[in-house]
Amino acid sequence: MRIVLTSVLKPVTDPRLLARLGRTLAELPGAEVHIVAHVAADAPTARPDTVRPNVFLHPIFDFPRLSLSRALAGRQLLRKLRELRPDVLVIGAAELLAAGLQWQRRTRGKLVYDVRENYSLNVRTQGVFPPLIASALTARIERVEAAAAPYLAGALLAERVYAEQLPWLADCQRMEIIENKYQPTSPIPVTPTPPARVCDGMRLLITGTLSELYGTFDAIEAVATMIFFGHDKAELRIVGYAAQAADAARLRALAAKYPWLHLEGIERPVPHAIITEAIRWANICLLPYRRHPSFEGCIPTKLWEYLGESRPVVATGVNGWREAVQQHSSNMIFGHPSPYKETATFADSFKSIMHLALFYGEFTRDLPPPEAFWSTEATRLVAFFRALP
């Protein structure tokens with residue numbers, strides 16, 4: 001079975017594309033997996049995977065997030081599919097779904113939609129595009145998803161909440177929830193790490209997507225305030241990608257201003273091995289997301305990564321994470337949004353959280369919960385592909 005996994009902006013070494021889906025599906029008897037996606041710093045040219053020789057990387061997309069070249073991605077994909085001739089095509093971006101549907105109708109191959117986001121909701125609410133453009137894009141995404149649904153061999157949902165949010169799933173033959181659980185790039189250290197003691201210094205960490213909406217600047221503001229009032233044994237490391245050039249420039253300016261702020265990546269996605277190293281460096285990880293409709297009910301991959309590495313997490317308690325993780329770990333401290341502000345920010349609650357930590361002297365550190373790891377999803381993924389019609 002030849003399987004093609006594809007996305008537009010995600011690099012070919014993206015953890016869900018390569019480490020989770022790609023390498024897991026490569027375990028199927030006779031499988032050959034091809035990942036067609038964006039160029040990556042650690043994979044700028046086509047090559048076999050360094051872990052699984054039957055996984056092949058094809059970095060054919062190389063354009064900025066907002067560009068005219070991006071509009072031609074579907075055409076590029078169809079050309080590549082004529083070369084690769086897959087049995088199963090897994091589409092991991094809404095904008096490639098029309099091309100995937102065209103391929104399915106022409107070849108009668110098996111088309112699977114990997115729903116990594118509620119794409120129409122994100123475009124409509126996150127303010128990346130001007131209102132008129134966002135409205136047009138939202139309508140197009142919803143039309144294409146509805147049109148493709150009856151032709152899909154199945155859908156993979158990265159979040160449980162999508163099963164409730166996406167009406168077109170009613171016309172889909174099969175669906176399976178395959179969450180982005182943690183798959184370490186290297187073995188987790190066997191020796192238990194002691195609890196994070198505030199008196200020894202706070203090594204704070206933010207990873208992943210960086211923007212106002214994700215609370216990046218709220219966290220910097222909160223740490224700056226904490227240091228100003230005397231808690232100077234702290235440093236904040238930010239390892240991730242700012243998709244908006246203005247956000248990247250703002251981060252660079254803040255890093256030049258604050259000696260305790262350290263940046264890695266920023267203008268380009270960061271290889272996951274670097275993120276894993278940063279998590280193991282940290283003794284407190286931060287999830288400063290703002291309240292937003294596109295986050296409600298979703299659990300960030302980084303949360304599973306932090307819990308999988310037994311790191312204590314300080315988070316805004318605004319996105320349904322409390323209920324999702326309380327059964328797995330007590331290793332989280334949640335802030336409470338201010339009742340006087342319509343938009344809760346991390347800075348609203350961070351100071352009180354840190355004062356509480358200072359009072360107790362240390363953060364607790366739990367053992368990693370088994371539910372945090374990819375192995376809980378891999379078995380269902382393989383079963384899903386074995387059962388494709």
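A crossing of two helices is called left-handed if the near helix is turned anticlockwise from the far one by less than a right angle, and right-handed if it is turned clockwise. Keep that in mind for this tour of a predicted model.

**The whole chain**

Start with everything shown as a cartoon. The chain's secondary structure comes to 13 helices and 16 strands. Of its 389 residues, 54% are buried. Among contacts in the chain with a separation of 6 or more, 69% join residues 24 or more positions apart.

**Stop 1: helices H1 and H13**

Select H1 (residues 16-25) together with H13 (residues 375-386). Two packed helices are described by the angle between their axes and the distance between the axes. For this pair, the angle is about 50 degrees and the axes lie 10 Å apart. H1 and H13 are therefore oblique to each other. Now use the opening definition: H1 passes H13 in a right-handed crossing.

Which residues meet here? Show side chains for Arg20, Leu21, Thr24 and Leu25 in H1, and you will find them meeting Ala378, Leu381, Val382 and Phe385 in H13. Sorted by class, this contact has 6 nonpolar, 1 polar and 1 charged residues.

**Stop 2: the open sheet beside H1**

Next, colour the strands from E1 to E8. These 8 strands form an open sheet with mixed pairing, and the order to trace across the screen is E3-E4-E2-E1-E5-E6-E7-E8. E3 (47-48) and E8 (175-177) stand at the edges; each has a single partner strand, so one side of each is left without a neighbour in the sheet.

Zoom in on E1 (residues 2-11) and E5 (residues 88-91), which pair in the parallel sense over 4 bridges. Select valine 4 to see one of these links: its bridge partner in E5 is leucine 89. Then bring H1 back into view. H1 packs on the sheet and touches E1, E2 (32-38), E4 (55-61), E6 (110-115) and E7 (154-157), while its direction makes about 175 degrees with that of E1.

**Stop 3: helices H3 and H5**

Select H3 (residues 97-107) and H5 (residues 131-148), whose axes come within 10 Å and cross at roughly 25 degrees. That makes H3 roughly parallel to H5, since angles under 35 degrees count as roughly parallel. Is the crossing left-handed or right-handed? H3 passes H5 in a left-handed crossing.

From H3, the contact is made by Leu97, Ala98 and Leu101; from H5, by Arg140, Val144, Glu145, Ala147 and Ala148. These residues divide into 6 nonpolar, no polar and 2 charged.

**Stop 4: two loops**

Pick asparagine 118, in the loop between E6 and H4 (119-125). Is asparagine 118 buried or exposed? At 7% relative accessibility, it counts as buried, because the cut-off for buried is under 20%. Leaving aside neighbours within four places in sequence, asparagine 118 is in contact with Tyr162, Gln165 and Leu166.

Then move to arginine 85, found in the loop between H2 (73-84) and E5. Arginine 85 is exposed, with a relative accessible area of 67%. Look at its backbone too. Most residues other than glycine have a negative phi. Arginine 85, though not a glycine, has a positive phi of about 50 degrees.

**Stop 5: isoleucine 266**

Another positive phi can be found at isoleucine 266, where the value is near 70 degrees. Isoleucine 266 sits in strand E12 (residues 261-266). With a relative accessible area of 0%, isoleucine 266 is buried.

**Stop 6: E10, E11 and H9**

Finish with E10 (residues 202-209) and E11, a parallel pair joined over 8 bridges. Strands of a sheet pair through backbone hydrogen bonds. To inspect one partnership, select threonine 207 and its bridge partner in E11, valine 239. E11 (residues 234-241) is mostly covered, with 6 of its 8 residues buried.

Now add H9 (residues 272-281) and show its buried residues: His272, Ile275, Thr276, Ala278, Ile279 and Trp281. What covers these buried residues of H9? The cover includes E10, E11 and H10 (301-308), so keep those three elements on screen for a last look.

Note on methods:
Residues are numbered from 1 along each chain as its sequence is written. This is a predicted model: local features need pLDDT of at least 70, side-chain atom pairs count only at pLDDT 80 or more; totals for chains, interfaces and linings use all residues. Side-chain values use heavy atoms; hydrogens and water are left out. Axes are lines fitted to C-alpha atoms, for helices over the stretch in contact, and angles run from 0 to 180 degrees between N-to-C directions. Angles under 35 degrees count as roughly parallel, over 145 as roughly antiparallel, 65 to 115 as roughly perpendicular and the rest as oblique. Contact means heavy atoms within 4.5 Å. Ala, Val, Leu, Ile, Met, Phe, Trp, Tyr, Cys and Pro count as nonpolar, Asp, Glu, Lys and Arg as charged, and the others, Gly among them, as polar. Buried means under 20% relative accessible area, exposed over 50%, partly exposed in between (1.4 Å probe, protein chains only). Two strands pair if DSSP finds at least two bridges between them.
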